[in-house]
Amino acid sequence: MATQPQRRSGNTPQGRAPQRRKKKTKLNYLNIAIALIICCMVIATVLICLLVGCDDEGAQESIAESSTTASESGKDESSAVSNPPESSAPEQSSQAESSQIPLDPTEAYEQYIGVEYMVDMTDYEQYVCPENESEFVFVVNPKHPLGSDYVPPNLVKCTYFRETQPASWSKMDATANKALEAFLQEAAYYGFDDITVTSAYRSYNSQASIYQRYFDNDIKQDYVCDTCSEYFDISYFPEKVVKEKRCNACFGVCTEVDGEKFCESCMSVADEAVIAVCAKCKNAVRRPTEAETEAHVLTYSTKPGTSEHQSGLCCDMHNLSNSTSAFDNTPEALWLAANAHRFGFILRYPPNTQHITGIKHESWHFRYVGRTAATEMYEKGLTLDEYCEG
Ligand SMILES: [Zn+2]
Ligand SMILES: [Zn+2]
Ligand SMILES: [Zn+2]
């Protein structure tokens with residue numbers, strides 16, 4: 001057996017062996033070359049991946065940085081905006097970041113939002129868009145109350161306060177007040193020059209007496225229709241309840257028979273009395289219970305500690321004698337709602353959000369949160385409750 005290989009090798013024609021070897025080496029060279037090419041391709045791919053990866057991280061870092069402070073995000077947008085109008089692709093903006101001279105944040109914001117400030121923002125930018133903006137973004141409601149002894153640290157006299165209102169409602173957070181100055185100067189430029197603040201900061205005790213006043217007033221004059229399952233706030237909707245002469249015993253409708261009143265329910269002659277009747281169903285209405293009135297008052301007012309007014313960051317403002325739904329859809333109300341975010345404010349209780357905020361639409365109540373958060377909420381259609389919880 002041991003000889004076989006020898007014999008084979010011996011039998012092999014000499015001329016063929018080298019040829020075979022040559023072929024083998026040729027194949028080897030080819031394999032090595034292919035391997036080298038593959039190696040090069042792999043290395044090149046890895047290098048490209050690494051480079052692209054670095055770029056992405058860089059972009060992410062710059063986005064993270066730009067979102068940490070409002071002024072930086074302003075710079076960020078300024079570079080995007082300083083390109084030709086069509087070049088709004090995010091890639092271009094991030095590429096331009098390093099090479100372009102950052103514009104003033106105000107201009108960057110103007111470009112982003114597509115509206116120019118008419119008021120000179122030089123002195124107001126730091127208040128509309130402060131560095132500690134996140135400190136202003138929090139919810140005050142029954143779930144997130146303020147303590148009875150909480151008083152905001154930086155209260156000043158509100159510049160646009162209506163002097164006929166109680167002086168104890170005239171204070172406002174200093175930053176919010178400056179931002180409001182810019183806001184209402186801008187409003188004046190557009191012709192809405194008679195908007196004043198009727199209530200800004202309210203203390204815990206002040207809110208307690210306001211709430212009690214609303215409650216006492218409503219329980220005295222409001223009605224409930226059990227047939228319609230409706231609570232009628234007579235201050236706002238006096239027309240929902242009408243006074244009619246009815247049977248004094250059963251409130252049934254009486255008709256005149258031979259000069260006498262005849263109750264169609266009692267089927268007998270009846271005494272008539274003036275009673276309150278639901279204008280819709282014509283059934284007698286009743287006074288609400290304390291629980292019913294409390295539930296109702298809480299749709300437009302708040303118990304002490306749960307009012308946003310205690311934060312010093314909001315205000316009621318309009319050009320009417322009272323804060324009522326009469327302000328809704330006025331040119332003033334519409335302008336304020338559409339421009340509040342440009343000055344760091346939000347319409348705190350927008351229409352159709354009572355199921356989220358717990359409070360009915362208040363076209364006069366604006367809350368300061370700073371421009372970045374305000375703009376985001378405005379663009380996404382979010383309430384402060386949703387913004388803070390989401
Ligand atoms: Zn009757
Ligand atoms: Zn009714
Ligand atoms: Zn208010």
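This briefing walks through the cores, the zinc site, a surface patch and the salt bridges of the structure above. The model is a predicted one. Its largest nonpolar core has 38 residues, the zinc ion (ligand 3) has His 309, Asp 316 and His 365 as its protein donors, and a search of the whole structure finds 19 salt bridges.

**Nonpolar cores**

- Within the largest nonpolar core of 38 residues, the residues with the most contacts are Leu 180, Phe 183, Met 317, Leu 336, Phe 343 and Phe 345.
- At least two residues of this core come from each of these elements: helices H5 (105–113), H7 (174–189) and H10 (331–339), and strands E11 (314–318), E12 (345–347) and E13 (365–368).
- Helix H7 is the top contributor to this core, giving 7 residues.
- If you click on Phe 183 and set aside its neighbours within four places in sequence, you will find it in contact with Met 317, Trp 335, Leu 336, Asn 339, Ala 340, Phe 343 and Phe 345.
- There is also a second, separate core of 8 residues, and Tyr 223, Phe 232, Ala 276 and Cys 278 are among them.

**Helix H5 and a surface patch**

- The buried residues in H5 include Pro 105, Thr 106, Ala 108, Tyr 109, Glu 110 and Ile 113.
- Gly 114 comes after H5, and its phi is positive, near 80°.
- A nonpolar patch on the surface is formed by Val 115, Met 118, Tyr 189 and Tyr 190, which together have about 370 Å² of accessible area.
- Tyr 190 from this patch sits in the loop between H7 and strand E3 (196–199).
- Tyr 190 counts as partly exposed because its relative accessibility is 36%, and partly exposed covers the range between under 20% for buried and over 50% for exposed.

**The zinc site**

- His 309 (NE2), Asp 316 (OD) and His 365 (ND1) are the protein donors of the zinc ion (ligand 3), at 2.0 to 2.1 Å from it.
- Along the chain, the donors of this zinc ion are spaced as H-x6-D-x48-H.
- Asp 316 belongs to strand E11 and His 365 to strand E13, so this pair ties together parts that are 49 residues apart in sequence.
- Asp 316 and His 365 are both buried.

**Salt bridges between distant parts of the chain**

- The side chains of Arg 286 and Asp 226 form a salt bridge at 2.8 Å, N to O.
- Arg 286 is in the loop between strand E10 (272–278) and helix H9 (290–297), and Asp 226 is in the loop between strand E4 (223–225) and strand E5 (230–232), so the pair ties together parts 60 residues apart in sequence.
- Arg 286 counts as partly exposed, at 29% relative accessibility.
- Lys 282 and Glu 244 also meet through their side chains in a salt bridge, at 3.1 Å, N to O.
- This pair links the loop between E10 and H9, home of Lys 282, with strand E6 (residues 241–247), home of Glu 244, 38 residues apart.
- Lys 282 is partly exposed at 40% relative accessible area, and Glu 244 is partly exposed at 23% relative accessibility.

**A buried pair and its network**

- Asp 385 and Arg 348 meet in a salt bridge between their side chains, at 2.7 Å, N to O.
- Asp 385 lies in helix H13 (residues 384–389), while Arg 348 lies in the loop between E12 and helix H11 (354–357), so parts 37 residues apart in sequence are tied together by the pair.
- Asp 385 counts as buried at 3% relative accessibility, and Arg 348 counts as buried at 1%.
- Glu 308, Arg 348, Arg 367 and Asp 385 are joined into one network by salt bridges that share partners.

Note on methods: Residues numbered from 1 in each chain as written. Chains lettered and ligands numbered in written order. Predicted model: local features only at pLDDT ≥ 70, side-chain atom pairs only at ≥ 80, totals over all residues. Heavy atoms only, no water. Core = buried A, V, L, I, M, F, W, Y, C linked by side-chain atoms within 4.5 Å. Buried < 20%, exposed > 50% of the residue type's maximum accessible area, 1.4 Å probe, protein only. Helix = DSSP H or I, 4+ residues; strand = E, 2+ residues; numbered from the N terminus. Contact = heavy atoms within 4.5 Å. Patch = residues over 30% accessible without salt bridge, like charges linked within 9 Å, V, L, I, M, F, W, Y side chains within 5 Å. Areas by Shrake-Rupley, 256 points an atom, 1.4 Å probe, with all protein chains shown as cover. Salt bridge = Lys/Arg side-chain N within 4 Å of Asp/Glu carboxyl O. Donors = N, O, S within 2.8 Å, 3.2 Å for Na, K, Ca; no water.
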